[in-house]
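Please open the model in your viewer and keep the selection tool at hand. The tour goes from one selection to the next, and each stop says what is there.

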Amino acid sequence: MKQVVVVMLAILCLALPLSGKTHKDQFNAPCADVWAAVKATVADTNHYAVLVTDEANMALSYKIKGAVRDRSNSVNLAPKDGGCEMQTNSEYSGLLHSDADDFKTRVTDALAKVKAAPPAK
């Protein structure tokens with residue numbers, strides 16, 4: 001089952017750049033913290049529906065809710081330059097908003113909450 005999920009995620013990541021754009025954002029935080037923020041962000045069922053999650057590779061694909069047409073995006077994290085790079089493959093960027101920019105804003109807000117939370121015992 002896990003292999004099927006990884007293959008599906010790989011296919012999705014390869015297909016999206018053909019129709020969308022990859023946005024790269026750098027965070028000055030460990031990827032574990034950014035991953036916790038990403039998961040908290042997509043847990044907002046008013047905005048997102050998670051399609052596939054790959055915990056081991058800190059990657060997931062998700063659907064934007066409330067869009068005129070279904071839009072699937074994906075995100076993956078990788079350590080870079082002492083921080084964490086978030087790569088978001090996004091299908092939509094319009095005059096009023098950008099899926100990737102909206103997602104980054106929500107992850108940044110969630111990351112602030114993760115950093116402010118007391119350490120686990």
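Select the hairpin of β4 and β5, where two residues lie between the strands and Asp81 takes a positive phi near 50°. The model is a predicted one, in which local features need pLDDT of at least 70 and side-chain atom pairs count only at pLDDT 80 or more, while totals for chains, interfaces and linings use all residues. Residues are numbered from 1 along each chain as its sequence is written, and side-chain values use heavy atoms, with hydrogens and water left out. Helices (H or I, at least four residues) and strands (E, at least two) are DSSP runs, numbered from the N terminus.

Now extend the selection to residues 71-80, which form β4, and residues 83-90, which form β5: these antiparallel strands are joined by seven bridges. Along them, Ala78 has Glu85 of β5 as its bridge partner, and Ser74 stands opposite Asn89 in β5.

On which strand does β5 also pair? Add β1, which runs antiparallel to β5 and is joined to it by seven bridges; here Asp25 stands opposite Met86. Two strands count as paired if DSSP finds at least two bridges between them. Seven of the eight residues of β5 are buried (under 20% relative accessible area, with a 1.4 Å probe and protein chains only), so β5 is largely enclosed by the rest of the structure.

Next, show the whole sheet, which is open and has five strands in the order β1-β5-β4-β3-β2, with antiparallel pairing. Its edge strands, each pairing on one side only, are β1 (21-27) and β2 (48-54).

Select residues 31-42 to bring up helix α2, which lies across β1, β2, β3 (59-64), β4 and β5. Then add residues 99-116, helix α3, which packs on the sheet and touches β1, β2, β3, β4 and β5. The two helices pack at an angle of about 120°, their axes 8 Å apart; axes are lines fitted to C-alpha atoms, for helices over the stretch in contact (heavy atoms within 4.5 Å), and angles run from 0 to 180 degrees between N-to-C directions.

Finish with the largest nonpolar core, a set of buried Ala, Val, Leu, Ile, Met, Phe, Trp, Tyr and Cys residues joined through side-chain atoms within 4.5 Å. Of its 21 residues, those touching the most other members are Val34, Val38, Tyr62, Leu77, Met86, Phe103 and Val107. At least two residues come from each of α2, β3, β4, β5 and α3, and the largest share, six residues, is from α2.

How values were computed
Buried means under 20% relative accessible area, exposed over 50%, partly exposed in between (1.4 Å probe, protein chains only).
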